[in-house]
Amino acid sequence: MTPNGAIVFGLLVITGATIARDLPGLAVVLAVAVVFALGSGKRVVAALGWSAAIVLPLAAFMTLVWVGIVGRAPAEIASGIEGSRANAAAYVAVIALRLFVIAFVIQAIFLRFRGSTPFQFVRQVSAPAVAKKLIVLTLSLIETILHAVDRARIALIAAGLITRRPSWSNLRNGWLLVQTVWLTVVTIAIGRARDKWPIENTLSLIDGALTDAAPRRLTVIDGAWSLLALAGAGIAWSMR
Amino acid sequence: MARELLTGPNFSGRSTGLTARLRAATPASAFFVGPYAEAALSGLSSTVADEIEIYRARPQPVRPAFSAIDFTAYAARKPPTLSGGEQVLLALHCFSLSHCRAIGIDTALEQLDPANRDDALAYLSQADTRGFDVTLIDNRLEQQDGWTQTAMTGSADVACDPVAATAGLAPCAAPVIAIERLSFGYPKGRTIFQAVDLALEPGRAHRLAGANGAGKTTLFKLLAGVLAPSDGAIRLDGAPYAPWRGGNRVFALATQNPDHQWCGATLEEDVARRRAALARHGIVAPTPDAIARLATLLGAPSLDAHLYELPLAARKRLSWLWPFSGTLPWIMLDEPTVGQDRATRDALASAVTRLCALGYGVVFITHDEEFARLVDHRPLRLEHGSITA
């Protein structure tokens, strides 16, 4: 499968999840995403777990508000009917499952290309050079934040302000970690932008690296997966 | 093609001179290896393979590759997870594959072990035949044949007196450190330590040596509680000590990159936070006035100066503040002389000698043989997962 094909597939699944209006429709779209992920080999359970972890906080909050406090679904409020907590729960379930499908299909695409580096993936995507450059810069920022977290942890643990294991010190000084991380991100970014990049014109170097590899055309496999995603979206639409 | 060595003490304008030379080079044809990773690598890559790909000349490299280590084995690693020396080697590898016609290296070679450093200097010495210019700042390099030497004469030196900084310290009864069957490996990575036994005695200096990437800094992180061993124990005078659980209350650490140790934006903020943490462990830190005096002796213009607005060499000197404060009985210095001129290095060696005489325990990592010769020490070699005396 090509990166372009994976992106088309992902967009179709996300479209299917967006137009599905009830749980059975979403279940069909989720099934398509799971089949796709299974084709990537292992780690599907981990991807499901991460998707659940991403969605659970929002689901818990919505359950508290719509089921616990409001007691009616939004559509029932708009129609002026009495409504029920069961309908409110169904509404929350649809929203949560929709987000779950979106989070899961994105991870499934990453799983499919876990043998490639992020840069290799971006190189093969058909997109304007500016868009690809923005993706690289975004990934760079994410890496910088992760690195800053590591650096800040080293500083604060070595100074005795926080500990490796959960502790009261960590609760008391957690804000210091956040502050130190952001200070580190800013100083790393300034350091690069002031010292390294202007001398080398580093940002122009990635232009050459990104345009060097011609984006791969869609393959038959891309088409087959896209058709499956389209079918899932169609079924979800017909079940509305 | 030119080979130029910029000489002079710290703050004499060497770094400014180096960047000016690179900026004068043809646009997009200069490569800069700064003193630390943020100014050595592009920061645009998630993996070592991507970093190489960004710089690789197309359709093919124009000169032989500099490959002190085999980076294909590191392809999937994130560049910041490499050791300081490995990051410098990666930067040099990227340069060798690039189309850049000029390279400037600001003290970065000081982080390399002797074998890698010799390889790097040998590669750079062939600049003429390989078609590039090189400008180098290196505090450990004497005049080299075929290199133009330019003495920088700026006079913005910042007074730094490590000997005076340690003059008023009281004697200390540091505990004996016993490391017992310590094992550690990074997740999904190779094993760094395999059942290491080691005793560190107070009142003397211990030098930890080993190749770039051997795990020297990892040992410091274990002792400071930043990492937890997979097996084994540490004892202080026979009593169990697990800083990865209860926090560090023994080791004052000066990191290789000084910016890896600040706990605030200003020295005042950093000091206040550390004092509070020490107080919670029941450790009495020197008074704020004493800390301020110490900071001045190490070259701080004032406690409320923004740390990141100071030159890197000045920040490096300030990283010695807590180790020299006498607050904690053991002192760990990770490449303390990187970026420091000879006068400061010599003074630092005297300060370390004094700390040992007062009963403090010192462990230092250095590839600086001259510094090591100035400090009476017990050599420790880290190799293949074990430490040998």
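Let me begin inside chain A, where helix α2, residues 23-38, packs against helix α5, residues 85-112, at an angle of about 15 degrees and with the two axes 9 Å apart. I should say at once that this is a predicted model. Since angles under 35 degrees count as roughly parallel, α2(A) and α5(A) are therefore roughly parallel to each other, and their crossing is left-handed. On the α2(A) side the contact includes Leu23(A), Leu26(A) and Phe36(A), and these belong to a set that meets residues of α5(A), among them Leu97(A), Arg98(A) and Phe104(A). By class, the residues of this contact of α2(A) with α5(A) comprise 15 nonpolar, no polar and one charged.

Turning now to how the two chains meet, 41 residues of chain A are in contact with 49 residues of chain B. On the chain B side, at least two residues each are supplied by α1 (14-24), β2 (30-33), α2 (48-55), α8 (243-246) and α9 (267-280), and it is α2(B) that gives the largest share, with five residues. That side of chain B is made up of 23 nonpolar, 14 polar and 12 charged residues.

Finally, chain B itself is assigned two domains, domain 1 (3-151) and domain 2 (162-388), whose C-alpha centres lie 28 Å apart. Their contact takes 19 residues from domain 1 of chain B and 20 residues from domain 2 of chain B. On the domain 1 side, α3 (84-97) and α4 (114-125) of chain B are the elements giving two or more residues, with the largest share, four residues, coming from α3(B). The residues on this side of domain 1 divide into seven nonpolar, eight polar and four charged.

Methods:
Residues are numbered from 1 along each chain as its sequence is written. Chains are lettered from A and ligands numbered from 1 in the order in which they are written. This is a predicted model: local features need pLDDT of at least 70, side-chain atom pairs count only at pLDDT 80 or more; totals for chains, interfaces and linings use all residues. Two residues are in contact if their C-beta atoms, placed from the backbone, lie within 7 Å. Ala, Val, Leu, Ile, Met, Phe, Trp, Tyr, Cys and Pro count as nonpolar, Asp, Glu, Lys and Arg as charged, and the others, Gly among them, as polar. Axes are lines fitted to C-alpha atoms, for helices over the stretch in contact, and angles run from 0 to 180 degrees between N-to-C directions. Angles under 35 degrees count as roughly parallel, over 145 as roughly antiparallel, 65 to 115 as roughly perpendicular and the rest as oblique. A crossing is left-handed if the near helix is turned anticlockwise from the far one by less than a right angle, and right-handed if clockwise. Domain bounds come from an automatic or database domain assignment.
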